[in-house]
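Colleague: Could you take me through the aromatic contacts of this model, and say what each label rests on?

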Amino acid sequence: MRLHIIAAAAAVAAISATAAYAAGPLSLVSEVKTEKRVAAADGTTRIALVKADKIVPGDRVVFVLTYRNTGTQPIANLVLANPVPANIAYRAANPGSAAPELSVDGKTFGPLSGLRVATAAGTSRAAVPDDVTTVRWRLASPVAAGAQGQLAFQAVIK
């Protein structure tokens, strides 16, 4: 089964919201989280991702896309894309998440180092993280029936 999904990112006005999508046998949940230092019983602390209840410009957030094959057959050639809202600046793939392909125009995807942005003078310059408009992952392996996974990227509120 071939499937292409575009998951709309939560608008910043509703950045604490969790968005859920379903397209056939694939379910998607898109969440925006922040990092929080959490104390453990042994006195140590660790960084945990928690729901982003209140954020302000300059805050770091993590967009987490959770997918799950709810069908009975594997899903192959899965492409998941997450548009980056205008008031969000992409920073990097989240540690532990697959590196995404990036786009500055929603049409051409690749590593940031290979992207160019047109200038007003009619030339082009190398793209920077603030230019990213869409983050996309192509899953290399089929998603087995009942299997799920997560993809994530870091961003900053403009």
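Modeller: What follows takes the ring pairs, their surroundings and one charge in turn. This is a predicted model, in which local features need pLDDT of at least 70 and side-chain atom pairs count only at pLDDT 80 or more, while totals for chains, interfaces and linings use all residues. Residues are numbered from 1 along each chain as its sequence is written, and side-chain values use heavy atoms, with hydrogens and water left out.

Colleague: How many aromatic pairs are there by the rule, and why is the pair of F63 and F153 called stacked?

Modeller: The count comes to three. Rings of Phe, Tyr and Trp (its six-membered ring) pair if their centres lie within 6.5 Å, and planes under 30 degrees apart count as stacked, over 60 as edge-to-face and the rest as tilted. F63 and F153 lie 4.9 Å apart, centre to centre, with 0 degrees between the planes, so they are a stacked pair.

Colleague: What makes F63 buried?

Modeller: Buried means under 20% relative accessible area (1.4 Å probe, protein chains only), with exposed over 50% and partly exposed in between; F63 has 2%, and therefore counts as buried. F153, at 0%, is buried as well.

Colleague: Why is the pair of W137 and F153 called tilted?

Modeller: Their centres are 6.4 Å apart and their planes 40 degrees apart, so the pair is tilted. W137 is also buried, and F63, Y90, W137 and F153 form one aromatic cluster.

Colleague: How do you know that R136 lies over the face of F109?

Modeller: A charge sits over a ring if NZ of Lys or CZ of Arg is within 6 Å of the ring centre and within 35 degrees of the ring normal; R136 lies over the face of F109, at 3.8 Å from the ring centre.
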